[in-house]
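User: I'd like to go over the backbone oddities in this one. Can you pull it up?
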Amino acid sequence: MSTQRTPARNPLARVFAEHFAEGEVAGVERVAPTMLRIRIASPELDRLSWEPGQHVRIQINDPLSLYGIVRPKETLRTYTVWEFSAADRSFDVLVHLYAPEGEGGIGLAWAREAAVGDRVVFWGPRGDFAVRPEAAHHLFVGEETATAAFWPMVRALGGGAEVRAVLESESEEDEPPFPAGRPAVRVHRRGEPAARSRTLVDGLAGLDLPETPGAAYVAGEARTCQMVRDHLVSVRGWPREDIRTVPFWTPGKRGLH
Ligand SMILES: Cc1cc2nc3c(=O)[nH]c(=O)nc-3n(C[C@H](O)[C@H](O)[C@H](O)COP(=O)(O)OP(=O)(O)OC[C@H]3O[C@@H](n4cnc5c(N)ncnc54)[C@H](O)[C@@H]3O)c2cc1C
């Protein structure tokens, strides 16, 4: 796999070049048995900005190469920026190791093989998965990949915001970190699939919510996101426009965005 930046040889390549940046892996840390925190340092962060909830697309194979043109789904993988430090010119992503070694797609292989000093080409940060600070209260619902996105969003809300969360993981050991002092109901799949997850919806069904709807942020597997939204709309009476769902992956689809 190549993460080298391609010199802009033609006008199309130049357009692409304006939208991506180079960096290198500056740290790899296992924060849970199935969660890796990967730090990427880049002098180009001086010209880039980031809002909590935004993601980068890691260029694992060059989309403009022959390989990338033939296999466009095997080029980019998306990870939410976990922490961003303009001062240190670095950012972190938190990657869920959802399958055992030797299985999974190119994103999983990239994360498992990441080592300090590896060159990384990334697109972004970009995206509009943002908190709505004006909402009366905030509800975060998702599994491991979503929790990676929720961390910076919850921190952006500040200490005064009323936050609730239902967070799914495979087991207690696999729980991704969540900002300290924030109430989170943790639910565990224990071998059940994360797709169409009853575990997550049942966890939400047991949660006490205020009478008045707030803002809900739902991410992770596409059909689980729909089930969570359906529960909030049909059982809790929340307006659809108060529920933001962002599908991150789904069985059978490669590199969802
Ligand atoms: C906006 C956005 C933000 C994202 N942020 C994060 C993040 O912060 N952290 C993170 O870990 N991921 C995040 N993802 C998901 C990530 O981009 C990849 O989809 C994921 O890492 C899988 O990539 P892959 O190449 O290994 O598998 P792919 O080739 O994309 O998928 C192959 C197959 O693997 C299976 N699969 C993929 N992901 C999972 C999973 N989590 N659990 C079970 N089976 C799975 C599916 O059957 C899929 O068809 C985000 C996605 C989007 C769209």
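Analyst: One term up front: a residue is buried if 20 or more other C-beta atoms lie within 10 Å of its own, exposed if 12 or fewer, and partly exposed in between, with C-beta atoms placed from the backbone. This is a predicted model; local features need pLDDT of at least 70, side-chain atom pairs count only at pLDDT 80 or more, and totals for chains, interfaces and linings use all residues. Residues are numbered from 1 along each chain as its sequence is written.

User: Is Arg-190 buried or exposed, and why?
Analyst: Arg-190 is exposed, because 10 other C-beta atoms lie within 10 Å. Its phi is positive, about 50 degrees, although Arg-190 is not a glycine.

User: Where is Arg-190 found?
Analyst: In the loop between β9 (184-188) and α5 (198-205). Helices (H or I, at least four residues) and strands (E, at least two) are DSSP runs, numbered from the N terminus.

User: And what about the phi of Arg-89?
Analyst: Positive too, about 50 degrees, and Arg-89 is not a glycine. It sits in the loop between β4 (76-85) and β5 (90-96). Arg-89 counts as partly exposed because it has 17 C-beta neighbours inside 10 Å.

User: Switching topic. Which peptide bond is cis?
Analyst: Gly-124 to Pro-125, with omega near 5 degrees. Pro-125 is in strand β6 (residues 119-126).

User: Now α4. Where does the kink lie?
Analyst: At Phe-150, shortly before Pro-152, and about 30 degrees. The bend is the angle between axes fitted to the seven residues ending there and the seven starting there.

User: How many residues of α4 are buried?
Analyst: 11 of 14. Among them are Phe-150, Trp-151 and Pro-152.

User: What follows α4?
Analyst: Gly-158, with a positive phi near 85 degrees.
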